[in-house]
Amino acid sequence: MMFGSINSSGAVIDCIAEGSAYDIVLPNQTERVQNIAVDIGGSLAKVVYYTTAAVGRQGGGRLHFKAFETDHLDLCIEFMCGLVDRSRIRDPTDGPPAEPVIMATGGGAHRFGAELRSRLGVEIRVVDEMESLTAGLNFLMREVADEVFTYSEARGQKFVSPVSEAEDLFPYMLVNIGSGVSILKVTGEGQYERISGTSLGGGTFWGLLHELTGVTSFDAMLETTKSGDNTKVDMMVGDIYGTNYDKIGLKATNIAATMGGVYRKGLDKQYSDADIARSLLYMVSNNIGQIAYLNAQLHGIRRIYFGGYFIRGHPLTMHTLSYAIDFWSKGMISALFLRHEGYLGATGALLRGEAAPTRRRACSFTENFSVAEPAAGDSSGVSALGMLDQQADRLERLPQLALPYVPDTVDLAADEGQRLAWLAALERSAHELVALVERGALDAGSSDHVGTEDRVDAGRIRAFSILYARHLQRLGAQPLAYGALTVRGILGLREQCLREVGLGDVFAAVKRRETKAALVALPQCVAQTDVLAERERLLALLGNALAGNMFDWGASELHGALASGALDLAAARERISYSPQRLNNPGAFADRVIAQGYRKVLVFVDNSGADVVLGVLPLARVLTQTGATVVLAANSRPALNDVTEGELKDIVAEAALVDESLVAAVEEERLLVCASGSAGPCVDLRRLDPRLVALAQAADLVILVGMARAIVSNYHARFTCDSLRIAVFKNKMTADAAGANVFDSLCLYVPGGGSRE
């Protein structure tokens, strides 16, 4: 079966017995490789390549990352031969394929250029190494949500929000640490200069440590430093003064002289190879940190990014560099590190190709961890890199979003209780999804007259459950393996895993069935509220919107009632508790609508069926009657039983057949439907479909509907216009985080510029 760009027929999960979360074998995969780039360094050869489907792809694509040891370059070339073969797969309508061109950078692009040309049989185009590094860094900082982070032993990894505007990105300094060190000042796209460097880099550390201890593997060298104690080798300030030297700000634990304690017989220091390794690591890292700080001061730069093979996600190295920058800058500058630091050059080289994805049109990328590539680094931090899935358009920020903005309500890496509860709940839900499929609860009813293609394949759903569970188990053991750990991220990962095994819309039949039933009930629902006085009607509509939000297949607590059909709008209203009071002020919203009304309202909708038909649509209908234009923002791609743009357009059209008011609103373009740009249950308001952003320019009210959009994400979001959150706390984790109870409601109106609190 082809789904998107993935041919998942014959798919199997590999290494399940070993507990690997990132090995999935797709034997019939026929993606076409469109661009290839390689960065060959002294230690590693990094390959970045861009794929699209062989036939029928409608926009989008995918960036992949792969690394090989340079000592085993044959394996890298063999892998690239396979990529070249896949680059010749072509849709017959496109005509004969163009000969591939491989973009190459790094020292090895020159050293091994002739061998690459001979064995691959294609043109090798060499790109300047520094140009590639800066281009790759600019791209990754903008496109990967959790690309940049700070590090310290006390705080661990803290991710930095991605930048979107050039003025927020430049200028910066890139300290690239390989065998030696190059320091680049970057002031704009393609505008950089090498301002400094030092020969005391990774090569110094490797060479001295090899001579002193005999260790030959760099990974073994880094591992050795973990158990070392540099105070047994170095001369410390305390060894000289016996205490702190407070007058000049030196602590007794500061290093006075690297390796200086070895020759002082009076100090009687006994040491091991591990102690030497730690001392040398501190020596090189502290030296680089001080040189980097001095250059930043000289050039007036506040952002210093560290990259290169020497770092490799090693906590002690990052901590030392961070400590040095913090010490010399007196806390004014932080050292910044990169998850893809080893792939900057290859990524930048790929972007310099004539057919590079970003050259054809503006676009955005989303990281996909369903099939992850192991990354170098300590298991306590980032240890895997996802593929980058290209969006058809460049996603943009909501104009009314107040900054700073953090989309996620809970940091699962920092909150162990929430982390364990969410991971366990989502693993259970994956198994429950299998049970629902096996019982036929997600199949279309006999009255739907649909084909077998609408039935969810039980084999695929079991493959999904295994794959997703392995990811969750890995995140339980290594919370930062994929970057920042958030509910939004792991809910999105669930959808990525479903799509990767060929399950595009598991709830398609359920959504049709529930929408059909809701449309039948719509006229009576509207009639019941139309007879009420204006304020009472608005309050009743908000109550119906809350009740409708209970029809959520993403809430395990409601699976039984939803599967049996026992939940209707009246029953849903009975289950909701309109508390706590601090989270509910529907009267304030009703009064605001009556007093002034709104010009344009942007509504981020949630579920199909009763939620959107009986909850959101009647409210939108009344808002259009007050003179507002209402824009309904629905998912761009399926997620759970969330309604998509295409489905919602059909729903509005069918609803208009039984309601004259809706007919007028649609014909006069006062009721519009647009894709949000989201492919998961949550929404990141920095990454929206540009069509929606254009429609939202004059909006003076933003409504967020549903637990995922209003509680799990955007609970703390602030807006320059009025906002309204409508949701139900449908599990214990979200309720506990907000100090609420399960089935409590959130119907919170906040005037423009205000905060939720």
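In the predicted model, the side chains of Tyr482 and His471 are joined by a polar contact of 2.7 Å. Tyr482 belongs to the loop that runs between H14 and helix H15 (487-500). The relative accessible area of Tyr482 is 7%, and since buried means under 20%, this residue counts as buried. Tyr482 also lies 8.7 Å from Ala372, C-alpha to C-alpha, although 110 residues of sequence separate the two.

Helix H14, which precedes this loop, covers residues 458-477 and packs on helix H13 (residues 416-438). The two axes are 9 Å apart and make an angle of about 175°. Angles over 145 degrees count as roughly antiparallel, and H13 and H14 are therefore roughly antiparallel to each other. On the H13 side, the contact is made by Leu423, Leu426, Glu427, Ala430, His431, Leu433, Val434, Val437 and Glu438. H14 contributes Ala458, Ile461, Arg462, Phe464, Ser465, Tyr468, Ala469, Leu472, Gln473, Leu475 and Gly476. By residue class, the contact of H13 with H14 comprises 13 nonpolar, four polar and three charged residues. An α-helix has 3.6 residues a turn, so residues three or four places apart point the same way.

A second helix pair is formed by H6 (residues 202-213) and H7 (residues 218-226), whose axes come within 11 Å and cross at roughly 80°. Angles from 65 to 115 degrees count as roughly perpendicular, and H6 is therefore roughly perpendicular to H7. Phe205, Trp206, Leu209 and His210 of H6 meet Phe218, Met221, Leu222 and Thr225 of H7. Six residues of this contact between H6 and H7 are nonpolar and two are polar, with no charged residue among them.

Helix H11, spanning residues 344-351, is mostly covered, with eight of its eight residues buried. These buried residues are Leu344, Gly345, Ala346, Thr347, Gly348, Ala349, Leu350 and Leu351.

Ala392 is located in the loop between strand E20 (384-390) and H13. With a relative accessibility of 37%, Ala392 counts as partly exposed, because that class lies between the 20% limit for buried residues and the 50% limit for exposed ones. The C-alpha atoms of Ala392 and Phe365 are 9.0 Å apart in space, and the two residues are 27 residues apart in sequence.

Among the strands, E6 (residues 44-53) contains Thr51. Thr51 is buried, with a relative accessible area of 0%. A polar contact of 2.9 Å links the side chain of Thr51 with that of His64. When residues up to four places away in sequence are not counted, Thr51 touches Glu31, Arg32, Val33, Gln34, Gly61, Arg62, His64 and Arg86.

Over the chain as a whole, the predicted model holds 26 helices and 26 strands. Of the 757 residues in the chain, 56% are buried. Among contacts with a separation of 6 or more, 70% are between residues 24 or more positions apart. The accessible surface of the chain amounts to about 29,900 Å², and 51% of this surface belongs to carbon and sulfur atoms.

Note on methods
Residues are numbered from 1 along each chain as its sequence is written. Side-chain values use heavy atoms; hydrogens and water are left out. Helices (H or I, at least four residues) and strands (E, at least two) are DSSP runs, numbered from the N terminus. Buried means under 20% relative accessible area, exposed over 50%, partly exposed in between (1.4 Å probe, protein chains only). Contact means heavy atoms within 4.5 Å. Accessible areas come from the Shrake-Rupley method with a 1.4 Å probe; for residues, only the protein chains shown count as cover. Axes are lines fitted to C-alpha atoms, for helices over the stretch in contact, and angles run from 0 to 180 degrees between N-to-C directions. Angles under 35 degrees count as roughly parallel, over 145 as roughly antiparallel, 65 to 115 as roughly perpendicular and the rest as oblique. Ala, Val, Leu, Ile, Met, Phe, Trp, Tyr, Cys and Pro count as nonpolar, Asp, Glu, Lys and Arg as charged, and the others, Gly among them, as polar. A polar contact is a pair of N or O atoms within 3.5 Å; within protein, one must be able to donate a hydrogen and the other to accept it, and residues adjacent in sequence count only if both atoms are side-chain atoms.
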